[in-house]
Amino acid sequence: MTGTTDRDPAGFVVHTAPAGLSDDGRDDFTVLASTVPTQVSAVFTKSRFSGPSVVLSRAAVADGQARGVVVLARNANVATGVEGESNAREIRDTVAAVAGLPEDELLIASTGVIGLQYPMEQIREHIKTLSWPFPDGGFDRAARAIMTTDTRPKEVRVRCGEATLVGIAKGVGMLEPDMATLLTFFATDALLPQDTQDRIFRGVMDRTFNAVSIDTDTSTSDTAVLFANGLAGEVDPAEFEEALHEVALALVKNIASDGEGASKLIEVRVTGARDVAQAKRVGKTVVNSPLVKTAVHGSDPNWGRVTMAIGKCTDDTDILQENVSVQFGGTTVYPQRADGPGDAELRKAVAEHMSGSEVVIGIGLGIGDGEFTVYGCDLTEGYVRLNSEYTT
């Protein structure tokens, strides 16, 4: 049985503090750890410019065991060469020593500006102040401390039988995933067989975090991790999958609606595809179209931009326009029936739907039974302004 809860998963502790990664005094250094051994499942970016944090963490999770993660926000430590690699390893290893953990049982994640070295003097001084064990709970603090340009923290928790599952995430831009996306961490006191946990985790990530796109750019630091320490005992796998999907989807929708400069969530539901891969491809093409995104921002009922975007899938030769249908919020705009509402009435209905905070676009391809839903946001002046001034 699943449902919302205020309870933290047992056995997890959190430290957050400002460590000099930014100059605004905000917490930017986080350690999330379990006081007992955990099983871990994780996926990472496939970027050819993956940061040292991804390289170290990917190696650490290879055996399915890890106790926690240290997260540095406001500095990605990417494209920083040998010095950056050495600094990431030093931070990971010294924090692990404070917690009494083997070095390879602590992951490291980093997010922020690319191409800057860590302010190691300030970080070293902060690590000297750490004292184990950290305070119980504190996932709300962690959700806030891992933010960069997010406008709000992202935390969701549910119960699953006698266990609790909590998820936190950050990310509002550079979100076109390849295996994972942004930074997202899940912690639970549920117990599952390792292979079952991995299967569930990867499947849910494919249907949620791999279904969101803000601006088509893939981060160099994408990391998604599930820590499970089993203190609450065994749970039903199907029930846990439902709980994980609920938490992950809620985080995804929160992320998409908080996209850089975003004012609206876009949900594109593709059905009738040849297979899931085709449905996902078409959905991503639509949600990533600058013309679709700007039309949504302005509540402009120019639904032809959706058909244009579908048409860009030129390798999918089984997509035939005479078999395609398009809807906005349940209103069919293509094909238009001779006995249906006129163009003016259709555009009025579409404009009304697009004026809301969530815009749902339905696409039927009329080929097979493949389906997939993707999530994104509108493109606004705020996105351009924020990213044109990101480091200045």
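Start by selecting strand β12 (residues 325-328) together with strand β13 (residues 331-334): the two run antiparallel and are joined by 3 bridges. Keep in mind as you click around that this is a predicted model.

Zoom in on the connection between these strands. β12 and β13 form a hairpin with 2 residues between them, and G329 in that turn has a positive phi of about 55°. For one rung of the ladder, pick V326, whose bridge partner in β13 is Y334.

Now add strand β14 (residues 358-364), which pairs with β12 in the antiparallel sense over 4 bridges. Here, select Q327 and look across to its bridge partner in β14, G362.

With β12 still on screen, show its side chains. Which residues lie on the covered face of the strand? They are V326 and F328, while S325 and Q327 make up the uncovered face. In a regular strand, side chains alternate between the two faces of the sheet.

Next stop: helix α8 (residues 290-297), where V292, K293, A295 and V296 are buried. Look down the axis of α8 and these buried residues fall within an arc of 160°, so they line one face of the helix. To see what that face packs against, bring up β11 (265-273), α7 (276-287), α9 (304-311), α10 (343-354), β15 (370-377) and the now familiar β14. Just after α8, check S299, which takes a positive phi of about 50°.

Finish with two cysteines. C160 is buried, at 1% relative accessible area, and C377 is buried too, with a relative accessibility of 1%. If you search the whole structure for disulfides, you will find 0.

Definitions and conventions: Residues numbered from 1 in each chain as written. Predicted model: local features only at pLDDT ≥ 70, side-chain atom pairs only at ≥ 80, totals over all residues. Heavy atoms only, no water. Disulfide = S-S within 2.5 Å. Buried < 20%, exposed > 50% of the residue type's maximum accessible area, 1.4 Å probe, protein only. Pairing = 2+ DSSP bridges. Arc of directions from axis to C-beta. Contact = heavy atoms within 4.5 Å.
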